[in-house]
Structure formats: C-alpha cells, structure tokens
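Visitor: Could you pick one part of this model and look at it closely with me? I would like to know what surrounds it, and how far to trust what I see.

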Amino acid sequence: MGHDIKKFITGRHSKGRERVEETEGEELQMRVVWTLVVVLLLGTMQRRCVNGEEWAGDYSKVSGIIIPGFASTQLRAWSILDCPYSPLDFNPLDLVWLDSTKLLSAVNCWLKCMMLDPYNQTDHSECKSRPDSGLSAITELDPGYITGPLSSVWKEWVKWCIEFGIEANAIMAVPYDWRLPPSALEERDLYFHKLKLTFETALKLRGGPSLVFAHSMGNNVFRYFLEWLKLEIAPKHYMQWLDEHIHAYFAVGAPLLGAIETVRATLSGNTFGLPVSEGTARLMFNSFGSSLWMLPFSKYCRADNTYWKHFSGGSRKGHHSHQCEEQEFQSNYSGWPTNIINIEIPSTHGLFNAYPSISEIAETNLSTMECGLPTQLSFSAREIADGTFFKAIEDYDSDSQRLLYQLQKSYHGDPVLNPLTPWDRPPIKNVFCIYGIDSKTEVGYYFAPNGKPYPDNWIITDVIYEIEGSLFSRSGNVVEGNPGAASGDETVSYNSLSWCKNWLGPKVNITRAPQPEHDGSDVQVKLNVEHHHEEDIVPNMTRSPRVKYITYYEDSESIPGKRTAVWELDKANHRNIVRSPVLMRELWLQMWHDIHPDAKSKFVTKAKRGPLREEDCYWDYGKARCAWPEYCEYRYVFGDVHLGQSCRLKNSSADLLLHYL
C-alpha cells in the first residue's frame, strides 16, 4: 500500500496521457486526505484573537512556562568547602537544597552554603550557592530511591505533559534563588531580564504565546515581573508585548494577601519537615531577604505605583508611598479573620519610646493590669506589614532590627513595586486563579517569651485555625472574629487565596461539579450571579458530604476580549496541589479547548468528565467489568498483575478530548 501511495504522489507511470491525467486527479485527492489527517493530528488551528487579529498558531506552537514557589528550586554549591569532622565536603555543583545526607552529617557546613548576609544578601565567605537550571531544578529537590517521591514537586506535571505528546522544548522552567528579595533577584542574577528573554525565546521557537503556570510565591515573582516590565518596555508597547507573549496565566495557590505561616517562621522557625531545630530554621529563614515577601498585609492599604514618578519627573507633590482607606480603621483585623499576632511583652519599660503609634494600644491593654506585669498586645495585618509590630518588639528581640531594615529597603522602598499591597487583575487576556479550600489552616498565633536566648526566645502558646467557616483555637475553643465562607489550603488562609474573586465582574457564572470522573448528574450551574466588588461569592448550591467538588467562577463579559476564572478545589493541599491529577486534567482540558477551532463556548464544558489516560481506567468489581465502558475496555497485556491494570482506553486521548469542546 505504501508503494501504491508513493506511485500516486510521484506520478511515475508509463501509460498514456489519459492515465497520467487520472493519476494526477488521484494524487490531488490523496494530498487533500493526507493534509486533513495531519491537521487533525496536530490539533488544528487556533482562532483566538489578539488585538482584533487572528492568532494563526496551532497546538504545536503553545509553550508552558513554570515559575516555582518558595523552596521549590534546587540550589547547588558554587564553592569548595571542607567540612571538618565529616567525610562529606561541598564541591562545585553539589546539591545544597536539598541534600538530606549532608544536612544530617554536616549541618553547620550546610548552613554556611544556605544562609545569606541578613543585610546585604551576599553569600557566606566560605560557601556560595546558586539556583540550578532547567526542568530538573524543579521536578525533584532530593532525587533518590527513598527521598525522590517525598521531594517531588513538578515531576507529575511534566509526566502528564509527556503523556499527551507535548514536545521537550515546549515546557520551560524559570527557577530562581528563592532566598532573595525581588530587587536582589534582578541586581544579582538579572532574573527578570532572563525571564523576559524566556518569553521571547518561546515565541520565536514555538511560534505562539506562552501559558504561565505559577505556584505559591512564584505568583509574587510573576507579579513583580509584570511591574518591572512597565519600566523596561515603552508604555504604548506594554500591552502589545503581553498579548504577543502570554496567552493565559494560571495562578495556583497564590498568597494574594500574604501567608500567616510567614509570621510563625519569622518568630519561632519553620523546619519544613527537615531534621533541624526550630531555632536553626529561624536563623536560616531570617537570613533570607525573601522571608518578608509573603508577610500578611491589609486589603485596605495601597501604595502609589512607583514607576509613575519616572514619567512625572519625580516632582509630584504630596506623594504618599503607602496609604490606607477609611475601612482599615473602621473595621477589625484589616480584612483578615482575626488579629494575626497576640504577643506578651515582658515589661512596659521603653515600650512607648520604642514606637509611639502603639502607645494607645498599650495604654488600653494596661488600663486593667498591674504595673510591671507582662502586657499582651494584638497586631493586625497592617501593623505587621508596615513594621509596627517589629518596632514594638525591638527591645526584646535582636532580630527585629534586621527585619525592619529589610522591610524598608526591599519592600516599602522597592523602586518597582511595594509587594505588600493588594493585587489588581493582571493585564493578561486569560487569567485563571486556582486554589484549595476547606482544610484546617492557621490564621493567628499567641506568642510569649520563654526566657531562652535568641533564636529560641519565643514560644507559641496557642494557635487559631479556620475550619470550614469557623474559628477555633488549638485547644478546641471557639474564637470570635470574621471567618470567611470557607477555610484555606492548610498553608494560606481563605481570604488571601480568594482575593482574586475581586478580579471577576458584576455577573459571574458558577458551576459546581465532582472532582472525580462523573456522568454529569451531580453538576450544578448558576448563571449571571450578582457579584459586588470586595465581597465574597457564596454559591447557593448543595453538597454531598462524601464528594469532593470543584467550583468554577467564570466571567468573560466584564472586560472585552479577556476572560477571568476562579477554581476552588475542595480539600486540595497547598504544597501538593501541583501534583493533583484533578487539577492537571482540568488545566489540560481548558488548554485543549482554548486552542481548538471548533470550541463554541468561552470556557471548557463541565457537563461530564471521563477517563483521559490509561491510569483513569479501573475494574468495577460490583459489575465485574471495567468501569466507564464507554471509554475503557478489558485488554490484557503480558505483565498485568491485577484486573485494574488490564482496563485500558478504547480510543486515543486525542479522540476523547473531542468530547470537551
């Protein structure tokens, strides 16, 4: 048959003119058929508009750029360090973060390669570390037979892309030194210049715009990049550059108003599961300039865009770098569920001189207390972000001076952006905000001095959690406050994650569907639900207690030519959400929908979810057959050890994807 096709295409015949003409007709038909086949296999052509023009790119032209979160990039040694009393030394390109073997055997050496100077963010005099490059830097932090699965970050994500035929050069990672504050990333490593070149390289290499996948603090990095880009590109070309280079932005687990755990790590240390003491973890964490990047802050306080002073010549009168709305002083807790820090000050000596703005708070708390007894003070998100809290404990904690210095230099005084201010919707055509809800999440702490020297001088006496719309202390007591409609993802609280709902317009379509594969019988839809700015949207929908749902909030009408969506995944953990098969399935279906010319709706349909991979097929013991017989069939292959392994897809994944247009 192959020989016959070749004859048709080449037209090599020895018979007369009539036979030649007949062959030319057959050749033309074969070319048309093969052209259609190739087009179908490539996923056909994209029809989305960019500034009123068709984006003439096919499925093979899409790129994915991954920006990892805090502590999610490998760091390698860039020095030779002899570790005494240990056979393991550090040599250039050795893993530092995360090499568990050297951490256990030579923790002091390891700390030299990890810690930075707390003021100028330079490396230790004996050892320096730098971020690794490429996808390998973010897939597994500690590769190994035992530690690999435990430290896996983006490996499953990349594996999913490979299974669906994504080319090797279509997925690009942009790892960074997550220890540095935003300005230092550019000053030392030219990171944002490199990120801009990555987008431009992807466009030239693949021929189409990129999809941005950012997780946790990676969203803070991307936000800073968008502001930095305003200074790098002429204003009239800024939106044009974004439209040409970025098709969609997927913000996964973004701490849009900060993260409470940052406070705990700053005062008492967060070991991240490593075999080190909390005091050692605090020393290391507080040496990083990035330790303040995810501090909680008020949703009512904003800063002027610093870049405007470059266009006005820096001559603006009455310029306020940071100002709060009236709601900040009329409401409680700065838009958070409760006060974030409740701390005992050892004595009143020097308190009022330390920071005058807290004198009223102190006098109120002291009005019913005897002189000389410990004073309990409470601090909101605004008082943490503007330095009031650190100034208040300056006399009792030697690290406060360093924190105040970094807070002013790297954040409030940043020449590009004050990151401790609320987000506005990024000026990108398609924005998807994705996070987990309804997990037990910390939202407040009670600290007290324990009499030990720094760094172990504070102890957590109690913790306040949000649990599915309620506040509880660690002891189980109900706590008064302003809990949200749901709780967070175990790391970031709900009010911080759900801030992106403010990016939605006044009319929102809401869909709630089960997370597993389903036939559509439990899908609930509400169209044109009213949404008021800075108010949460609580869908009036039922829940089965045994089912995990995913709730979609979608708006494609408020901003012409732009789409905004918020996805809430029940019980999705902050650190593991990038490994969630449900999330990867939904992302893939949305991407497939966006690039297909036959897509009729603005967003991918949620009417039904069937298996897409071999792993999604399983054996239904109750019916003695493979589940989802419409998609899966029993097909034994030598080596299968149980019935579930022999359940396989009837058709290819490309054919199954056509059901979701």
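Guide: Start with trust. pLDDT is the predictor's confidence in each residue, on a scale from 0 to 100. You need it here because this is a predicted model. The chain has a mean pLDDT of 83. Of its residues, 83% reach 70 or more. Two stretches call for care. Over residues 1–57 the pLDDT is below 50. Even so, that stretch has 65 contacts in the model beyond near neighbours in sequence. The other stretch is residues 308–320, where pLDDT stays under 50. For residues 308–320 the model has seven contacts beyond four places in sequence. Where pLDDT is low, the predicted coordinates should not be read in detail.

Now the close look. Our part is helix H9, residues 191–206. We will follow its contacts with helices H8, H10 and H11. Two packed helices are described by the angle between their axes and the distance between those axes. So we ask for both each time.

Take H8 to begin with. It covers residues 182–189. The axes of H8 and H9 come within 6 Å. They cross at roughly 80°. That makes H8 roughly perpendicular to H9, because angles of 65 to 115 degrees count that way. Which residues touch? H8 brings Pro182, Leu185, Glu186 and Asp189. H9 brings Tyr191, Phe192, His193 and Lys194. By class, this contact of H8 with H9 has four nonpolar residues, one polar and three charged.

Next comes H10, residues 217–232. The axes of H9 and H10 come within 10 Å. Their crossing angle is roughly 85°. H9 and H10 are therefore roughly perpendicular to each other. On the H9 side, the contact uses Tyr191, Phe192, His193, Leu195, Lys196 and Phe199. On the H10 side, it uses Val221, Phe222, Tyr224, Phe225, Trp228, Leu229 and Glu232. Sort these residues by class: 10 are nonpolar, one is polar and two are charged. Look again at Tyr191, Phe192 and His193. They meet H8, and they also meet H10.

The last of these neighbours is H11, residues 235–245. Here the axes are 10 Å apart. The packing angle is about 55°. H9 and H11 are therefore oblique to each other. From H9, the residues in contact are Lys196, Phe199, Glu200 and Leu203. From H11, they are Trp241, Glu244 and His245. The contact of H9 with H11 has three nonpolar, one polar and three charged residues. Lys196 and Phe199 touch H11, and both also take part in the contact with H10.

Now step back for the setting. What empty space does the structure hold? The whole structure has three cavities of 30 Å³ or more. The largest cavity holds about 220 Å³ of space. It is lined by 20 residues, and the closest to its centre are Ile166, Leu211, Phe213, Trp588 and Met591. Elements giving two or more residues to that lining are strand S3 (63–67), helix H7 (155–163), strand S8 (210–215) and helix H22 (581–595). H22 gives the largest share, six residues. The lining divides into 16 nonpolar, three polar and one charged.

There is also a largest pocket, with about 850 Å³ of space. Its lining has 36 residues, and Phe70, Ala71, Leu141, Phe272 and Arg575 are the closest to its centre. Helices H3 (100–105), H6 (147–150) and H12 (261–267) each supply at least two lining residues. By class, the pocket lining has 18 nonpolar, 14 polar and four charged residues.

Finish with some backbone details. A cis peptide bond joins Trp97 and Leu98, with omega about 20°. Leu98 sits in the loop between strand S5 (95–97) and H3. H3 is a helix you have just met at the pocket lining. A cis peptide bond also joins Tyr454 and Pro455, with omega about 15°. Pro455 lies in the loop between strands S15 (441–449) and S16 (458–467). Gln121 is not a glycine, yet its phi is positive, near 60°. Find Gln121 in the loop between helix H4 (107–114) and strand S6 (129–131).

Conventions. Residues numbered from 1 in each chain as written. Predicted model: local features only at pLDDT ≥ 70, side-chain atom pairs only at ≥ 80, totals over all residues. Heavy atoms only, no water. Contact = heavy atoms within 4.5 Å. Axes fitted to C-alpha atoms, helices over the stretch in contact; angles between N-to-C directions. Helix = DSSP H or I, 4+ residues; strand = E, 2+ residues; numbered from the N terminus. Parallel < 35°, antiparallel > 145°, perpendicular 65-115°, else oblique. Nonpolar A, V, L, I, M, F, W, Y, C, P; charged D, E, K, R; others polar. 1 Å grid on protein atoms, 1.4 Å probe; cavity = no way out; pocket = protein on both sides within 12 Å on 5 of 7 lines; lining within 4 Å. Points joined across faces, edges and corners; volume = space filled by probe spheres on them.
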